[in-house]
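Work through the exercises below with the sequence and the structure side by side. Each task is followed by a solution that goes step by step.

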Amino acid sequence: MSYSKYLPFSKKHLFRYTIAWMLCFVMTIGLIPVGALKAEGATEHWVALDLINGGFEQPEDENGKIPGWENIYGKNGFTVTSEKSIEGVNSLYMEDLKSNQNYAMQSEYLPATVGSAYSVTSSVYVLEGTAAIYLQFHSGDENKTRIGHKSQTQSNLNEWLPLTAGMTAPEGTEYVSVLLYSGPLAVTKAYFDDVVLSVKTPKQEGPPTNDVLINPGFEEPLHANSLPAGWQQTYGKGGFTVTDERSFSENNSLYMEDLKTAQNYGMQSVYIPAEAGVTYTAAVNTYVLEGKAVIYLQFHSGGNDRARIGHKSEGQTGLNKWLPLEATAKAPEGTEYMTVLLYSGPLAVSRAYFDDVTIGVAAQEPEEPVATDHLVRIGTAINSITIPHAAFGKGPEGENYIYTTANGLPAVFSVLQAETGERVASFELQGANYSWGSTVSPNGDVYIGTQRNGILYRYRPAANTVENLGMAIDEETHIWRVVSDENGRIFGGTYPGGKVFRYDPAAKEYTDFGRMAEEEQYVRSIAYGGGKVYAGTGAQQAQLFELNPDTGAKKAIELPEGFRQHKEIYDLTYTAGLLFARMTHFDPSSPLDNVTLVYDTLKEEWIKEIANTIGFDVSPLGPDGNIYFLQNGVMTAYHLDSGEIKPTSFTVGNVASRGFGWYNLNLPDMPGESVVSITSRGKIMAYNPETKKGKWIDGDPLGSANALRSMATGPDGNIYIGGYLSPSSMTRFNIDTFKMETLSGMGQIEGMGVFGDKLYMGLYPASAIYEYDPALPWDPQKNNPRKLDIELSPIYQDRPFAFVEAGDKLAIGTVPIIGKLGGALTLYDPITETYESFHQIVEDESPMALAYKDGLLYGGTTVWGGVSAEPVKEDGTLFIFDMKTKKKVFEINPVEGERAITALTFDEHGMLWGLTNGMLFKFDPDKREIVQTKTITP
């Protein structure tokens, strides 16, 4: 391990690094001892209030009441249990099985002070649905009326996660309380533990601190409590031992054994003084036997509680050798101390050794290029794994292979070993950016349909080569799903002609079966069985067709009455004579969205409706007579003979499958055949019907660079970048350091904007709006960024492109869903967290650009709507919206023939400049007329 990046505080290596210090000092690039960086100290800190029974260690009394708490909503939905806890023995279990009922447990009332800042935190473990926590403020009247509150929710499943809400006590406050809650309209099952209510108070003396790490090499004798000197266990109980079985240097190391997939273990160092704004590095050497070893660099505020206010973590999964592991981060505002946490996260068994821990100021980076009038290449902003679909087959020696294609520039095809997730091979599909369909033919060859170029590729496992089979149909730029028949002939659906094609490998030729539905541009899904091809269309209206590939004859299969106006048939799978069709609604919030219909192809009738199926596809028929799919976040079985639908014990959470296959995995608890799938991020899931156990396997598909979708300057002056298509992260470019930082947990960001000191991001689909505070650490699990309660699905809005601060409101312009025209203007109040939407602000057009000045909002539109919706207007519109009257007061088509206005900005003279696809124009707001145009691109 190289220690030249930062100053270590290990006694073992003092002599070795004294020389390094001297060299660094001479070169003036050295490192600064942490002990010299003691902060002056903050004037305030957080202090926990005396909340009765916050850890639920006191059970119910003889009347069934929980000490310190009152069940104020619902009945019999709460129990104190020892089944699961994060600390101590007990936790509070909430079970809300009524979709029209709400359940709530409230703490005692504690005195509170107007203007003081309060915070409540709980650990929560969600099995199903969404758990919520409320910080509540009450008046001093007889009823202690609630006069203010702040709430946060958590819906990530099957792991202990923090849930925090904070707020300043409003005028009239005399009391504060905590509410643990499950709202209506959803079934929820969750555990709460370690509820802590805190207030910010004047600084007091806190826990002891040190200028250097104590016992970083674990050579010193153990405490009486069997913990290593200088360390405390902050997560889990047990699991750590000091051992001489293996060490990186000298005699000992710290061994961690985490055998519980739902438990986390963590060992924390002493507190070391730190300074806000300084960049630090924590490092350790690790030897991983199984799973992952994790290091956290943690930053804390002052005072008794030393609350964690920021962190950076990194993991190491390389097995059976000593490897370095380090985390580097800048201390956020309010930092007074830092610690190292050696950690094993939940959901995985981990066994690892740690040795030679160090922490210190990070090394100075070399000077970056000075900006000039020349372009400087910064690098690839976003590189991620996004797999829309996968195929399952056998290798040349009978290997269990999963075939994935990751979207990007270019798309990348990978071959994974199902048992281990190991990547066996990978290939760039030159000329292709995206793939939504792949299939395995009877001889084991893999066919991949791609988009933007409409090309079909073939991978031959025996030769380990990929070949380009050319464009399936001229002018059909997108191939969606593909499927093979028993003879190895490949069928696929296309866009924009909404056609079905066949590729015959023996004849090396394509057959065009033509358009399925005259008004539809998409054949979104396809299946084959019983000698017939089944094609699902969509965008304007979901329709299903049966195609005879021998004669070319087709016939429509009428959908059940309640599904004939749906948007599209997203998935089709033929299994054992049954056709499974997953339907998507124009309104994603509709209960009829993501319903899978089952069609008996022999009886030619619809026999079943299965709700809440996120897709994709269903499995082939298994040896147990069941067909498997995902429903309500659970692997679920459909019995072929009885039609019974039964959830298994394998909870997978809020993920979608990317196809299914059956393999004999030869893994523990996986005898015989197991059903296998993979997520869009490459994580493999396997379920064994015999043992009724599920397993997660980390896959290693190769990702690719993502196209850039959006870019904005944040309130902190840094540049934020979003990618396409559905990446797993976004990027922040730091203007001061000239470095890019990956911000995980965000998908496809269509547009961004700033209001005050917050950054707002609009995500596809369903026009989800997120708020991010750059002053706090990026941590989606702690709701930074947080999803706002802005629901635009009922008015069919899908893509939020335009943002601008408009007085005391944030203005947002959105484009509708596939097949629809007419966007919306939404005004959001960040103070009250309320909003108002104006659908069709310009009829059949969508606001793509916004600017604000002197009480008036200026918008530029596009005549295009959702994909496949044909425009009915010729020219984009410039409109003016009065923020006081909330009415559109003016509109004009600034440039004839230009169909979209994509950017608006005011100059220093108050003139409004607009950009179209090929023209620049200047608009005089006083005269309300176009005063200048200029051609940019012909």
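**Exercise 1.** In this predicted model, determine in which sense strands β45 and β46 pair, and over how many bridges.

*Solution.* Begin with strand β45, which covers residues 626-631, and follow its pairing with β46, which is antiparallel and runs over six bridges. Next, look for a facing pair: asparagine 626 stands opposite histidine 639, a residue of β46. Finally, examine the connection, where two residues lie between the strands of this hairpin, and where asparagine 632 in the turn has a positive phi of about 55 degrees.

**Exercise 2.** Find the strand that β46 pairs with over four bridges, and describe the hairpin that the two strands form.

*Solution.* The partner is strand β47, residues 645-651, and the pairing with β46 is antiparallel. As a facing pair, take valine 634, which stands opposite threonine 651 in β47. The hairpin of β46 and β47 has five residues between its strands, and glycine 643 takes a positive phi near 75 degrees there.

**Exercise 3.** Decide whether strand β46 is largely enclosed by the rest of the structure or not, and give the reason.

*Solution.* A residue counts as buried when its relative accessible area is under 20%. Applying this to residues 634-639, one finds that five of the six residues of β46 are buried, and therefore the strand is largely enclosed by the rest of the structure.

**Exercise 4.** Locate the loops that hold leucine 725 and proline 765, and describe the peptide bond that links each of these residues to tyrosine 724 or tyrosine 764, respectively.

*Solution.* Leucine 725 is in the loop between β54 (719-724) and β55 (729-734), and the bond joining tyrosine 724 to leucine 725 is cis, with an omega of about 15 degrees. Proline 765 belongs to the loop between β58 (758-764) and β59 (768-772); the peptide bond leading to it from tyrosine 764 is cis, with omega near 0 degrees.

**Exercise 5.** Classify the accessibility of lysine 144 and arginine 928, and state the phi of lysine 144 and of arginine 928.

*Solution.* Lysine 144 sits in the loop between β8 (131-138) and β9 (146-154), and its phi is positive, about 50 degrees, although it is not a glycine. Because its relative accessibility is 23%, lysine 144 counts as partly exposed. Arginine 928, in the loop between β71 (919-924) and β72 (929-935), is likewise not a glycine, yet has a positive phi of about 55 degrees. With 30% relative accessibility, arginine 928 counts as partly exposed.

Conventions
Residues numbered from 1 in each chain as written. Predicted model: local features only at pLDDT ≥ 70, side-chain atom pairs only at ≥ 80, totals over all residues. Heavy atoms only, no water. Buried < 20%, exposed > 50% of the residue type's maximum accessible area, 1.4 Å probe, protein only. Pairing = 2+ DSSP bridges.
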